[in-house]
Amino acid sequence: MSSELDYSPTFRPQLAASHSLRNSPTSGLLPLLRSSVLHFRKTFQILFSIKFYTYGSSKRMISQEIFGGRETVLVHLLAATTAGVATSTAKNPIWLVKTRL
């Protein structure tokens, strides 16, 4: 039901490392409930790691497009701000539902 093909290739090494640390299965026949829980856990792992992905991508793009490839303090500040906004936007609905439950 949930396979590694469901996720972006960018996150495959990260998920593989997570599986090796937790000894969780990557595929196979799992009961529906356990498979669903595993799928949601992987989804939340990706959401929580989005800050680092967004920070790195933003830093690279801002550095190349605005500052001609130089990494200045302003590049790091803008990349961190972008990552914070993206993470807050992605996590806010999750925390809202969690709080209401």
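These are my notebook entries on what I looked up in this structure, which is a predicted model.

**Entry 1, confidence.** I began with how far the prediction can be trusted, and found that the mean pLDDT of the chain is 75, with 68% of its residues reaching 70 or more. Going through the helices, I noted that confidence is lowest in helix α1, residues 12-22, at a mean of 61, and highest in helix α3, residues 73-100, where the mean is 87. Over residues 1-8 the pLDDT stays under 50, although the model has 20 contacts for this stretch beyond four places in sequence.

**Entry 2, overall layout.** I then listed the elements and counted 3 helices and 0 strands, so my sketch from the N terminus on reads α-α-α. Of the 101 residues in the chain, 23% count as buried. When I looked up contacts between residues at least 6 apart in sequence, I found that 53% of them join residues at least 24 apart. For the accessible surface of the chain I wrote down about 7300 Å², with 66% of that belonging to carbon and sulfur atoms.

**Entry 3, a serine in helix α2.** Next I picked S58, which is found in helix α2, a helix that covers residues 32-65. Is S58 buried or exposed? Its relative accessibility is 8%, and because buried means under 20%, S58 counts as buried. Leaving out residues up to four places away in sequence, I noted that S58 touches A79 and T82.

**Entry 4, the salt bridge.** How many salt bridges does a search of the whole structure find? The search gives 1, and I identified the pair as K59 with E71, whose closest N and O atoms are 3.8 Å apart. K59 lies in helix α2 while E71 lies in the loop between α2 and α3, so this pair ties together parts that are 12 residues apart in sequence. I also checked the cover of E71, and its relative accessibility of 48% means that E71 counts as partly exposed.

**Entry 5, a nonpolar patch.** Last, I turned to the surface and found that L74, L77 and L78 form a nonpolar patch there, with about 260 Å² of accessible area together. From this patch I chose L77 for a further look, and placed L77 in helix α3. With a relative accessibility of 53%, L77 counts as exposed, because exposed means over 50%.

Notes. Residues are numbered from 1 along each chain as its sequence is written. This is a predicted model: local features need pLDDT of at least 70, side-chain atom pairs count only at pLDDT 80 or more; totals for chains, interfaces and linings use all residues. Side-chain values use heavy atoms; hydrogens and water are left out. Helices (H or I, at least four residues) and strands (E, at least two) are DSSP runs, numbered from the N terminus. Buried means under 20% relative accessible area, exposed over 50%, partly exposed in between (1.4 Å probe, protein chains only). Contact means heavy atoms within 4.5 Å. pLDDT is the predictor's confidence in each residue, from 0 to 100. Accessible areas come from the Shrake-Rupley method with a 1.4 Å probe; for residues, only the protein chains shown count as cover. Patches are made of residues with over 30% relative accessible area and no salt bridge: like charges are joined within 9 Å, nonpolar side chains (Val, Leu, Ile, Met, Phe, Trp, Tyr) within 5 Å. A salt bridge is a side-chain nitrogen of Lys or Arg within 4 Å of a carboxyl oxygen of Asp or Glu.
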